[in-house]
Amino acid sequence: MANFFAFSLFCLIAGAYMIPEYLTMEIVGGKEVPPHSRPFMASIQSEGNHVCGGVLIHPEWVLTAAHCSFLLGQSPTVVLGAHSLSKNEPSKQRLAIKKLVPFSRPRSNDIMLIKLHTAAKLNKYVQLLHPRSKNYIRDGTKCQVTGWGATNADVLNNSDTLQEVTVTVISRKHCNSQSYYNHRPTITKDMICAGDAKGQKDSCQGDSGGPLVCKGVFHAIVSRGDKCGIAKKPGIYTLLTKKYQDWIKSNVASPPA
């Protein structure tokens, strides 16, 4: 655990400049999903409060965004099998975090694995979702993003219940254009943009690290955005390219530390 807290402290210092942008991640324009219909969803919590989403990809591993480490205090936990964050649901499993494993150069690779202290018990409320993305997703593809983030861009409070919204993939060329992000930041081949032409649907506080699923395939995780629900500032996602999938496999398959 000493290494875990040392890494967290480093991230707080080295990455502090990144926090204002990332703290705007929330779901807007979506709706509540049927309870326990997304059993792969994880709530990453600090001192009992939800700070980020995540995806259970192995009984002992959760995939999330690297910047979420900036938001974790002491004794962070992962909650699985939840629909309501506040209710005492018997389906919930609260598991301690053993270690954080960010991808190298986390500033440009917003992806991280969380190793759990004990393996999750898989059942109808807690299940795995495996990354199966390819490097390319066709522009205009409709995808779903899921999380407990805020539902109102003006009131940044987490949703108590799990929400989901449908967003549309936008080309990198379009997203990097002057009228969109204008290369601030540059949308690289390891990222994709997805949003809504009217700015009414967006992933955007609390949704970071959650999944973007397109036609049943887990393609990306919520990374960042500029405020929330702005038509020409869509959500930015870390695309689960072969590079990341190979990294995930090498860590998950390694002997216990």
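This passage describes a strand, a barrel, three disulfides and two nonpolar cores in a predicted model.

The model is predicted, so local features are reported at pLDDT of at least 70 and side-chain atom pairs at pLDDT 80 or more, whereas totals for chains, interfaces and linings use all residues. Residues are numbered from 1 along each chain as its sequence is written, and side-chain values use heavy atoms, with hydrogens and water left out.

Helices (H or I, at least four residues) and strands (E, at least two) are DSSP runs numbered from the N terminus. Strand E2 covers residues 41-46. A residue is called buried under 20% relative accessible area, exposed over 50%, and partly exposed in between, with a 1.4 Å probe and protein chains only. Six of the six residues of E2 are buried, so this strand is largely enclosed by the rest of the structure. Met41, Ser43 and Gln45 point one way from E2, and Ala42, Ile44 and Ser46 point the other way. Both sets are buried.

Strands are taken as paired if DSSP finds at least two bridges between them. Strand E3, residues 49-58, pairs with E2 through six bridges in the antiparallel sense. In this pairing, methionine 41 has valine 55 of E3 as its bridge partner. Two residues lie between E2 and E3, which form a hairpin. Within the turn, glutamate 47 has a positive phi of about 55°. E2 also runs antiparallel to strand E5, residues 77-80, to which it is joined by four bridges. Opposite isoleucine 44 stands valine 78 in E5, and opposite glutamine 45 stands threonine 77 in E5.

These pairings belong to a barrel. Six strands close into it in the order E2-E3-E4-E7-E6-E5, with antiparallel pairing. From one strand to the next, the twist averages 45°; the axes are lines fitted to C-alpha atoms, for helices over the stretch in contact, and angles run from 0 to 180 degrees between N-to-C directions.

A disulfide is a covalent bond between the sulfur atoms of two cysteines. Here a disulfide is assigned to a pair of cysteine sulfur atoms within 2.5 Å, and the structure holds three. When the bonded cysteines of the chain are numbered in sequence order, the pairing reads 1-2, 3-6, 4-5.

One of the disulfides joins cysteine 52 to cysteine 68, with an S to S distance of 2.1 Å. The torsion about this S-S bond is about -95°, so the disulfide is left-handed. Cysteine 52 lies in strand E3 and cysteine 68 in the loop between E4 and E5, so the pair ties together parts that are 16 residues apart in sequence. Strand E4 spans 61-64. Cysteine 52 and cysteine 68 are buried, cysteine 68 with a relative accessibility of 1%. Contact means heavy atoms within 4.5 Å. Apart from neighbours within four places in sequence, cysteine 68 is in contact with Cys52 and Ser208. Its C-alpha atom is separated by 10.0 Å from that of glutamine 45, 23 residues apart along the chain.

Another disulfide is formed by cysteine 143 and cysteine 214, whose sulfur atoms are 2.0 Å apart. This link is right-handed, with 100° about the S-S bond. Cysteine 143 is buried at 0% relative accessibility, and cysteine 214 is buried with a relative accessible area of 2%.

Cysteine 175 and cysteine 193 are also joined by a disulfide, with S to S 1.9 Å. Their link is left-handed, with -85° about the S-S bond. Cysteine 175 lies in helix H3 (residues 172-175) and cysteine 193 in strand E12 (residues 191-195), so this pair ties together parts that are 18 residues apart in sequence. Both cysteines, 175 and 193, are buried.

In soluble globular proteins, nonpolar side chains tend to be buried together. A nonpolar core is defined as a set of buried Ala, Val, Leu, Ile, Met, Phe, Trp, Tyr and Cys residues joined through side-chain atoms within 4.5 Å. The largest such core has 23 residues, and those with the most contacts inside it are Ile57, Leu63, Ile111, Leu113, Phe218 and Trp247. Two or more residues of this core come from each of E3, E4, strand E14 (217-224) and helix H4 (242-252). H4 gives the largest share, three residues. Apart from this core lies another, of 20 residues, among them Val62, Cys68, Leu72 and Val78.
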